[in-house]
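Please look over the structure shown here before reading on. The report is meant for a reader who has not met it before.

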Amino acid sequence: MIVITAPTGNIGSHLLSRLLRSAPAEEGLRVVVRDPARLTDEVRERVEVITGSHGDPEVVDRAFAGADAVFWLVPPDSSLTPEAAYSGFTRPAAQALAAHGVGHVVGVSALGRGTPVADRAGLVTASLAMDDLIASTGVAHRALACPSFFENLLEEADSIREDGVFTDLVDADRKAPMVAVADIAAAAAALLLDRSWTGAGSVPVLGPRDLSPADLARIMTEQLGRPVRYERQSYDDLYSALVGHGLDAAFVQGIVDMKRAKDDGLDAGVPRTDESSSPTTFEQWCVQVLKPAVLT
C-alpha cells in the first residue's frame, strides 16, 4: 500500500497518474485529499480515498494504517511561519509513521543541505528541518532534493503574455539547476515502487542542465516566437508586495531569505551526475506547458 499526499497538486497529480499506469496490480494506492471532487471519476474508482488534511492527526492516523510507503509533500501555508508550515504541519504525520510502522517515506524537499547558507535559507532551511523530523522516526527516508521548478514561471504567464517580462531576485547570469515537476514525480515513483533501499538520505533531481535567467529569456523568446526579457526584482520590493497580498510576514521573510541564499549558491552544493540529472529540457517544457498557457 502506497499513500500519496497532495494528489491533486503539480507533483502529486503527475505521480498518481504514473503510479496508476505502472504500479503492479497487487500494489494498493491510497490518497489523502481535502476535496475528493478534484479527483476524476476514473481515479476515484481505482484508489482508496481518505478525505481531509494530511496535517490532521486523525486523518494521517487513518491514512497510514497498513501502509508500506508514503509520498510526503507539504503544501506551504503562507499564513504560518516557515517552521509551522513545514515541521509543525508534519509533526502529526511523524507520530503516525512511527505508530503504524510505515517502512518507507519519499518526501519533496530542497537542495542546499551541507552548503554554507543552508541555515539561513528561509523556506529551504525549514524544509531541511522537516526532513530531519521524518528521518528521526526511524523510517527509511529519501528526500527529493529539488531546485526551482520550471512550473514557477506559470505564475508569470500573464506578465510574459502582456509585457514579455518575467522576474526573479537572482543575478541574470547566475546558472543553477531547474527541473520539471514531472521529473520529480518520476523519481518519486521509482523510489516508491522499489522499496529495497534503507536508511535516510537525499536524492537530487536537477533537470538536464543549469540555466540562468538570461538563458530562460533566450529560450522562451525562441520557443514562444516573441521577445521575453528578465527583470531583476529587489528583495525589498518582493517583501512589500507579498506582505501587501496578506501573506504572513515571517513566511514572506522565509521566501526572501531563500531567494537570497539561491543567489549565494544554495543550489550549487550537489555535483551534477547522470543519476542526478533528469530528462525534461526547458525547451520541451516551454512547448508542452508554457506555450499553451501564454498563447491561449
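What follows describes three pairs of packed helices and one pocket in a predicted model.

## Helix 4 and helix 5

Two packed helices are described by the angle between their axes and by the distance between those axes. For helix 4, which covers residues 82-100, and helix 5, which covers residues 123-135, the angle is about 10° and the axes are 9 Å apart. Helix 4 is therefore roughly parallel to helix 5, and the crossing of the two is right-handed.

On the side of helix 4, the contact is made by Pro 82, Glu 83, Tyr 86, Ser 87, Thr 90, Arg 91, Ala 94 and Leu 97, while helix 5 contributes Leu 123, Ala 126, Ser 127, Ala 129, Met 130, Leu 133 and Ile 134. Sorted by class, the residues of this contact between helix 4 and helix 5 comprise 10 nonpolar, 3 polar and 2 charged.

## Helix 9 and helix 10

Helix 9 (residues 235-244) packs against helix 10 (residues 249-263) at an angle of about 150°, and the axes of these helices are 9 Å apart. The two helices are therefore roughly antiparallel to each other, and helix 9 and helix 10 cross in a right-handed sense.

Here Tyr 235, Leu 238, Tyr 239, Leu 242 and Val 243 of helix 9 make the contact with residues of helix 10 that include Ala 249, Val 252, Gln 253, Ile 255 and Val 256, as well as Lys 259, Arg 260 and Asp 263. The contact of helix 9 with helix 10 has 9 nonpolar residues, together with 1 polar and 3 charged.

## Helix 8 and helix 11

The axes of helix 8 (residues 213-224) and helix 11 (residues 282-295) cross at roughly 65° and come within 10 Å, and the crossing of helix 8 and helix 11 is right-handed.

In helix 8, the residues Leu 216, Ile 219, Met 220, Gln 223 and Leu 224 meet Phe 282, Glu 283, Cys 286, Val 287, Leu 290, Lys 291, Val 294 and Leu 295 in helix 11. The contact of helix 8 with helix 11 divides into 10 nonpolar residues, 1 polar and 2 charged.

## The second largest pocket

The second largest pocket has a volume of about 210 Å³. Its lining is formed by 14 residues, and those lying nearest the centre of the pocket are Ala 6, Thr 8, Val 33, Arg 34 and Arg 38. By class, the lining of the second largest pocket has 6 nonpolar, 5 polar and 3 charged residues.

Conventions
Residues are numbered from 1 along each chain as its sequence is written. This is a predicted model: local features need pLDDT of at least 70, side-chain atom pairs count only at pLDDT 80 or more; totals for chains, interfaces and linings use all residues. Side-chain values use heavy atoms; hydrogens and water are left out. Axes are lines fitted to C-alpha atoms, for helices over the stretch in contact, and angles run from 0 to 180 degrees between N-to-C directions. Helices (H or I, at least four residues) and strands (E, at least two) are DSSP runs, numbered from the N terminus. Angles under 35 degrees count as roughly parallel, over 145 as roughly antiparallel, 65 to 115 as roughly perpendicular and the rest as oblique. A crossing is left-handed if the near helix is turned anticlockwise from the far one by less than a right angle, and right-handed if clockwise. Contact means heavy atoms within 4.5 Å. Ala, Val, Leu, Ile, Met, Phe, Trp, Tyr, Cys and Pro count as nonpolar, Asp, Glu, Lys and Arg as charged, and the others, Gly among them, as polar. On a 1 Å grid over the protein atoms alone, a cavity is a set of points where a 1.4 Å probe fits but cannot get out, and a pocket is an open set with protein on both sides within 12 Å along at least five of seven lines; lining residues have an atom within 4 Å of a point. Grid points are joined across faces, edges and corners, and a volume is the space filled by probe spheres set on the points.
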